[in-house]
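User: I'm new to this one, could you walk me through it? I'd like to start with how the helices sit against the sheet.

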Amino acid sequence: MAFELPPLPYPKSALEPHMSERTFEFHHGRHHQAYVTNLNNLIKGKPEEGLSLEELIRSSYRDEAKAGLFNNAAQVWNHSFFWNSMKPKGGGAPSGALAAAIDKAFGGLDKFKEEFKAAAVGQFGSGWAWLVAAGGALKVTRTPNAVNPLAQGESALLTCDVWEHAYYLDFQNRRPDFVQTFLDHLVNWDFAAANLTKAR
Ligand code: MN3
């Protein structure tokens with residue numbers, strides 16, 4: 001069955017002024033849609049057609065012959081995860097078990113933000129910054145291009161897209177400002193907390 005572009009979890013203008021409606025028109029309407037279309041074309045009439053998105057990602061990771069399939073499947077998943085990693089009036093501080101896990105892993109929310117920002121800004125070229133649960137603890141990771149924690153056997157809690165198309169219309173080349181805005185005004189701690197519960 002063909003995959004479809006999942007609708008955004010909020011209106012296209014809901015994250016303004018931090019992320020513009022125009023950014024969503026391109027990033028969701030064009031980029032995310034293109035990954036869905038490419039993926040459908042790659043699996044059409046093939047044995048892979050019956051697999052879930054997660055199965056496609058896991059089974060094609062590090063398989064040179066399936067690089068295109070992996071890149072498009074993972075980018076479909078990554079973007080859906082990114083939209084949910086943000087919300088209107090996001091930011092603030094996590095609570096409960098997630099807050100405790102962040103304190104334990106990083107020594108506090110501010111230290112987490114520093115580490116996440118360093119990972120996001122330090123990813124050379126295109127990729128993603130992540131908060132993940134792995135081996136019973138939290139950590140920050142960064143991945144190139146389409147690679148994600150799911151492929152690497154870790155549980156993603158949050159992500160920030162640091163491909164230039166994610167921020168160029170709103171921030172031009174200022175990736176550090178984009179990541180800081182993501183952490184201060186957009187991040188959806190409820191989504192991260194729900195993912196932590198699932199991971200445990
Ligand atoms: Mn993107």
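Analyst: Helix H3 (residues 67–84) lies across S1 and S3, running at about 85° to S3. Helices (H or I, at least four residues) and strands (E, at least two) are DSSP runs numbered from the N terminus, and angles run from 0 to 180 degrees between N-to-C directions, with axes fitted to C-alpha atoms, for helices over the stretch in contact. This is a predicted model, in which local features need pLDDT of at least 70 and side-chain atom pairs count only at pLDDT 80 or more, while totals for chains, interfaces and linings use all residues. Residues are numbered from 1 along each chain as its sequence is written, and side-chain values use heavy atoms, leaving out hydrogens and water.

User: And which strands does H8 lie across?

Analyst: Helix H8 (residues 189–199) lies across S1, S2 and S3, and runs at about 150° to S3.

User: What's the strand order in that sheet?

Analyst: The order is S2-S1-S3 in an open sheet of three strands with antiparallel pairing, where two strands pair if DSSP finds at least two bridges between them. S2 and S3 are the edge strands, each pairing on one side only, and the twist averages 20° from one strand to the next.

User: How many bridges join S1 to S2?

Analyst: Eight bridges join strand S1 (residues 127–134) to strand S2 (residues 137–144). Ala-134 stands opposite Ala-137 in S2, and Ala-133 stands opposite Leu-138. Two residues lie between the strands of this hairpin, where Gly-135 takes a positive phi near 60°.

User: Switching topic, which residues are the protein donors of the manganese ion?

Analyst: They are His-27 (NE2), His-79 (NE2), Asp-161 (OD) and His-165 (NE2), lying 2.0 to 2.1 Å from the ion. Donors are N, O and S atoms within 2.8 Å of the metal (3.2 Å for Na, K and Ca), and water is not among the atoms, so sites may look incomplete. His-27 lies in helix H1 (residues 21–43) and Asp-161 in strand S3 (residues 155–161), so this pair ties together parts that are 134 residues apart in sequence.

User: Are those two buried or exposed?

Analyst: Both His-27 and Asp-161 are buried, meaning under 20% relative accessible area, with exposed over 50% and partly exposed in between (1.4 Å probe, protein chains only).

User: What about His-28, what is it in contact with?

Analyst: His-28 also lies in helix H1, and counts as buried because its relative accessibility is 10%. Leaving aside neighbours within four places in sequence, its contacts (heavy atoms within 4.5 Å) include Leu-5, Pro-6, Gln-33 and Trp-83.
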